[in-house]
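Q: Before any coordinates are shown, could we agree to go through this model feature by feature, taking the general idea and then the case at hand?

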Amino acid sequence: MLEAVALTKDFGSHRALDGLNLTVSPGEIVCLLGANGAGKTTTINLFLGFLEPTSGEARVDGVDVRADAIGSKRKLLYVPEQIALFGELSGLENLAYFAALSGVEDVSAMHLRDCLDRAGLARDAMDRRASSYSKGMRQKVGLALAIAKQARALLLDEPTSGLDPAASAEFHALVVRQRDAGAAVLMVTHDLFRAREVGTRIGLMRGGRLRRMIDAADITASELESLYLEEMGSTAES
Ligand SMILES: Nc1ncnc2c1ncn2[C@@H]1O[C@H](COP(=O)(O)OP(=O)(O)O)[C@@H](O)[C@H]1O
Ligand SMILES: [Mg+2]
């Protein structure tokens with residue numbers, strides 16, 4: 001569903017992403033870990049078509065995102081660290097606005113309330129102004145949009161940074177539900193524990209390169225931490 005083929009991005013003379021090869025299939029959560037500046041957000045932005053690759057391809061559903069910018073975005077749902085909502089509008093009104101922009105056919109209040117409900121937003125919060133929402137509630141509106149547009153791939157960039165552990169657990173459970181419904185999920189995170197819990201595979205990035213790809217089932221949380229520290233600390237360029 002998501003495929004990076006020798007994907008490379010330079011900013012001036014700086015190579016932010018260097019020959020990334022990666023696939024994320026339906027029903028899979030691939031987590032990307034790595035220190036700041038590793039190229040994680042650049043990877044997400046290339047899949048979203050926000051950036052043009054220097055070389056290589058980012059494919060969504062087998063198609064280069066440059067060849068079908070609108071069609072590929074329809075299939076994707078992007079959740080950044082901070083979801084921007086209109087503070088003066090309610091959660092329901094925000095969802096209606098973004099669903100209409102995304103080409104969702106059924107934007108009836110009944111359907112959108114159901115999507116918010118499935119994303120875990122309390123019924124009594126749906127009509128409150130979004131300016132009163134916690135970060136966790138804003139993220140739920142994002143996931144409700146994924147449900148409304150039946151997104152086939154989720155691109156999540158540090159979606160739970162700054163959430164308390166209970167809100168983070170709830171968010172991850174919702175992502176797992178999307179995975180079980182067949183979504184392909186690419187999630188950037190600094191949370192080693194959750195990456196191992198929910199990830200199918202875990203990629204360790206450093207200096208624009210994918211250094212290692214690990215099957216989450218093969219590793220304990222403490223082994224993952226050791227590997228991470230080893231990769232991030234190593235000075236050997238390969
Ligand atoms: N728009 C940009 N212009 C110039 N350099 C950038 C830009 N975006 C990212 N970079 C650089 O590319 C590298 C990778 O950045 P990024 O993908 O944001 O890292 P991460 O998300 O892993 O922290 C960093 O060195 C960063 O400074
Ligand atoms: Mg980033």
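Q: Is Glu158 buried or exposed, and what is its relative accessible area?
A: A residue is called buried when its relative accessible area is under 20%. In this predicted model, Glu158 has a relative accessible area of 13%, so it counts as buried. Glu158 is placed in the loop between strand S7 (153–157) and helix H6 (165–180).

Q: What is the phi of Glu158, and how should I read its sign?
A: Most residues other than glycine have a negative phi. Glu158 has a phi near 50 degrees, a positive value in a residue other than glycine.

Q: Where is Asp61 found, and what is its phi?
A: Asp61 is found in the loop between strand S4 (55–60) and S5, and its phi, near 55 degrees, is again a positive value in a residue other than glycine. The accessibility has to be read separately from the backbone angle: Asp61 has 31% relative accessibility and therefore counts as partly exposed, whereas Glu158, at 13%, is buried.

Q: How are the strands of the open sheet ordered, and in which sense do they pair, parallel or antiparallel?
A: Strands of a sheet pair through backbone hydrogen bonds, either parallel or antiparallel. Here 4 strands form an open sheet in the order S2-S1-S4-S5, and the pairing is antiparallel. Its edge strands are S2 (14–24) and S5 (63–64), each of which pairs on one side only.

Q: How many bridges join S1 to S2, and how many pair S1 with S4?
A: Strand S1 (residues 2–11) is joined to S2 by 7 bridges, the two strands running antiparallel, while S1 and S4 pair over 5 bridges, also in the antiparallel sense. To follow the register on the S2 side, one can take Glu3, which stands opposite Thr23 in S2, and Phe11, whose bridge partner in S2 is His14. On the S4 side, Ala4 stands opposite Ala58.

Q: What does the hairpin of S1 and S2 look like at its turn, and which residue takes a positive phi there?
A: The hairpin of S1 and S2 has 2 residues between the strands, and Gly12 takes a positive phi near 60 degrees. A second hairpin can be read in the same manner: S9 and S10 have 2 residues between them, and Gly207 in the turn has a positive phi of about 55 degrees. Strand S9 (residues 201–206) and strand S10 (residues 209–215) run antiparallel and are joined by 6 bridges, with Leu210 in S10 serving as the bridge partner of Met205.

Q: Why is helix H1 described as largely enclosed by the rest of the structure?
A: The burial of a helix can be judged by counting its buried residues. In helix H1 (residues 40–48), 8 of the 9 residues are buried, so the helix is largely enclosed by the rest of the structure. The buried residues are Lys40, Thr42, Thr43, Ile44, Asn45, Leu46, Phe47 and Leu48. Just after H1, Gly49 takes a positive phi of about 75 degrees.

Q: Which residues does Leu48 touch, not counting residues up to four places away in sequence?
A: Leu48 lies in helix H1 and, with a relative accessible area of 5%, is buried. Leaving aside residues up to four places away in sequence, Leu48 touches Lys73, Leu76, Tyr78 and Leu155. A C-alpha separation can also be read here: Leu48 and Ala69, which are 21 residues apart along the chain, have C-alpha atoms separated by 8.3 Å.

Q: What radius of gyration does the chain have, and why does that agree with a compact globule?
A: The radius is compared with the value expected for a chain of this length. With 238 residues, a compact globule would have a radius of gyration near 18 Å, and the chain has 18 Å, which agrees. The C-alpha atoms fill a box of roughly 55 × 40 × 30 Å along the principal axes. The chain contains 8 helices and 10 strands, and buried residues make up 50% of the 238 residues.

Q: What share of the contacts with a separation of 6 or more comes from residues 24 or more positions apart?
A: Such residues account for 67% of those contacts in the chain.

Q: What do the exposed area and the charges add to this picture?
A: The chain exposes about 10,800 Å², of which carbon and sulfur atoms supply 50%. There are 27 positive and 32 negative charges, and their mean positions are 2 Å apart.

Notes: Residues are numbered from 1 along each chain as its sequence is written. Chains are lettered from A and ligands numbered from 1 in the order in which they are written. This is a predicted model: local features need pLDDT of at least 70, side-chain atom pairs count only at pLDDT 80 or more; totals for chains, interfaces and linings use all residues. Side-chain values use heavy atoms; hydrogens and water are left out. The radius of gyration is taken over C-alpha atoms; the globule rule is 2.2 Å times the number of residues to the power 0.38. Buried means under 20% relative accessible area, exposed over 50%, partly exposed in between (1.4 Å probe, protein chains only). Contact means heavy atoms within 4.5 Å. Accessible areas come from the Shrake-Rupley method with a 1.4 Å probe; for residues, only the protein chains shown count as cover. Lys and Arg count as positive and Asp and Glu as negative; His and the chain ends are not counted. The place of a charge is taken as NZ of Lys, CZ of Arg, CG of Asp or CD of Glu. Two strands pair if DSSP finds at least two bridges between them.
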